[in-house]
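User: I've got this one open on my screen and would like a close look at a single part, then a walk outward from there.

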Amino acid sequence: MSSQSALNIDLRQMIIAIETSVSLVGMNDTDHGKRVGYIASQLARQLGFSQQDIQFSFELGLLHDCGVSTEQMSSLANHFDWSGTHVHCDIGYRLLKDFEPLAKFATPIFYHHTPWDQLGTLDISTQDAGMANLISLSDRIDLLAASHYQTDILLAKKEIVHSITNHAGDQFDPLLVNAFREVEKSEAFWIALKDRHIVRYTWDMGQIKSNRPLSLPQLRQLSLIMSYIADQKSPFTAQHSVRVADLAKYLAAAHGLSEEQCQKVEIAGLLHDLGKLHAPGNILEKPGPLDDTERFIMDQRSYETYEILRHINGLGDVALWAAYHYEGINGAGYPFHPSERDLSAEAGIIAVADIFQALVQDRPYRKGMPLHKVLNILDELADNGKLQKDIVKLAKKFGTKCFEISKGTDQDHSQNYSDLFSEVKLPQNALTHP
């Protein structure tokens, strides 16, 4: 097949997977994006929006924080307005603006922390301004209410409404505030925001089919967005997923896989570490050996990768290749222990690429290793049945090239997205037009 082969991916499920990943970056609140999506969709329905715009509002709420980092998540959870607020808006905009299926969300995300009375002075469409402010309002409602959902939300709602109303006309569009004052009268609106209910609501919304063909280059670009989110969990794993994907694609080609399979392996490499988001930052950045409890937590991450990806209709074997990257032959590894016949070459390639790159990369507990030490460790793991020997032989045969790709110094194969995804430190209260 050509490089333009397509997979029929459920885009709604992929958006939910992005929100699931984002919600785990800071580990403080795993339902914020879901609740913002719910609130926005309820306000949109109250305002008589079309069904298409209601669905857009929900998805925009899911995606609105896609550019956030661990450090930013903590500040945003405690302060709606602070000097670095627009950093994650800018990053989210740049993550989505060139990806056609999600590009329509980019401009509202860029402006979702811009006050309503400033939006009217900017050269953006009325639709984008309205959607940006809808998410701004929904975001603020959730920020004010989050600590009350499981206890006294029906008692606290009066103070929340008062706070929102005080900002009608400056921070928020008065029409949106009026819509909020109508929907909040229903106790069901607030009760639905409790954890178990909002998860179910999101699940139900995810059943609305949104399948569309994505070319492999498009799916790769979408996976790159998700890998960026995963690698924001710790500065010590910056670009780890990208380097693993680079190396996995190179090894797949050396193994003789077709061009289409090589592209799918690259996509799986980009997605393989999403489960890492479930691990607390203090474990990921511990400057020493993990104890048994910490190791147990870390050993769950490949299952969590599978749990994030398995709901995405159309992804198929790519999800398994990503999730099996800690599996070995004859039941060695974890957490699924597939039989040797069920462990594909593609999964074995990602396993070797992941370990190779991790050993080369600086980590909090050690410096990156030289090539000869990396190859010795790979040999030992292959002898113990934890890696496929034929893949390790390939890594040894092309050791220098694999080392350069893992370090990001090989210009022919390595991708460098530091310019695209580096954080732009915006001055306080500054706005730059996309």
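In which helix does Gln357 have its place? Please start there and carry on to the other helices and the charged pairs.

Analyst: Sure, and keep in mind as we go that this is a predicted model. Gln357 sits in helix H20, which covers residues 345–360. This glutamine is buried, with just 2% relative accessible area. A polar atom of the Gln357 side chain lies 3.1 Å from the backbone oxygen of Ser406. Ser406 also turns up among the contacts of Gln357 once neighbours within four places in sequence are set aside; the others are His240, Arg243, Val244 and Arg363.

From there, on to the nonpolar core. The largest one holds 119 residues, and Leu96, Leu102 and Phe180 are the members that touch the most others in it. H20, the helix we began with, gives the most to this core, with ten residues. If you click on Leu96 and ignore residues up to four places away in sequence, you'll find it touching Leu63, Cys66, Leu102, Ala103, Phe105, Ala106, Ile109 and Ile225.

Phe180 takes us to helix H10, residues 174–183, where it is buried along with Leu176, Val177, Ala179 and Val183. Looking down the axis of H10, these buried residues fall within an arc of 160°, so they line one face of the helix. What do they pack against? The partners are helix H2 (32–46), helix H8 (126–145), helix H9 (153–165) and helix H11 (187–191). At the start of H10, a side-chain oxygen of Asp173 comes to within 3.0 Å of the backbone nitrogen of Leu175.

Now for the charged pairs. Side chains of opposite charge can pair when their charged atoms come close. With a cut-off of 4 Å between a side-chain nitrogen of Lys or Arg and a carboxyl oxygen of Asp or Glu, the count is 17 salt bridges. One of them joins Asp204 and Arg200, at 3.4 Å from N to O. Those two are four residues apart in helix H12 (residues 195–206), so about one helical turn separates them. Asp204 has 40% relative accessibility and counts as partly exposed.

Helix H15 (residues 259–271) has a pair with that kind of spacing: Glu260 and Lys264 are four residues apart, about one turn of the helix. Their side chains meet in a salt bridge at 3.4 Å, N to O. Here Glu260 is buried, at 13% relative accessible area, and Lys264 is buried too, at 14%.

Asp383 and Lys389 make another salt bridge, with 4.0 Å from N to O. Asp383 is exposed, at 58% relative accessible area, while Lys389 is partly exposed, at 47%.

There's also a network of salt bridges that links Glu19, Asp31 and Lys34. Asp31 is worth a second click: its C-alpha is 7.5 Å from that of Val199, though the two residues are 168 apart in sequence. Val199 belongs to helix H12, the helix that holds the Asp204 and Arg200 pair. With a relative accessibility of 42%, Val199 is partly exposed.

Key: Residues numbered from 1 in each chain as written. Predicted model: local features only at pLDDT ≥ 70, side-chain atom pairs only at ≥ 80, totals over all residues. Heavy atoms only, no water. Buried < 20%, exposed > 50% of the residue type's maximum accessible area, 1.4 Å probe, protein only. Polar contact = N/O pair within 3.5 Å; in protein donor to acceptor, adjacent residues only side chain to side chain. Contact = heavy atoms within 4.5 Å. Arc of directions from axis to C-beta. Core = buried A, V, L, I, M, F, W, Y, C linked by side-chain atoms within 4.5 Å.
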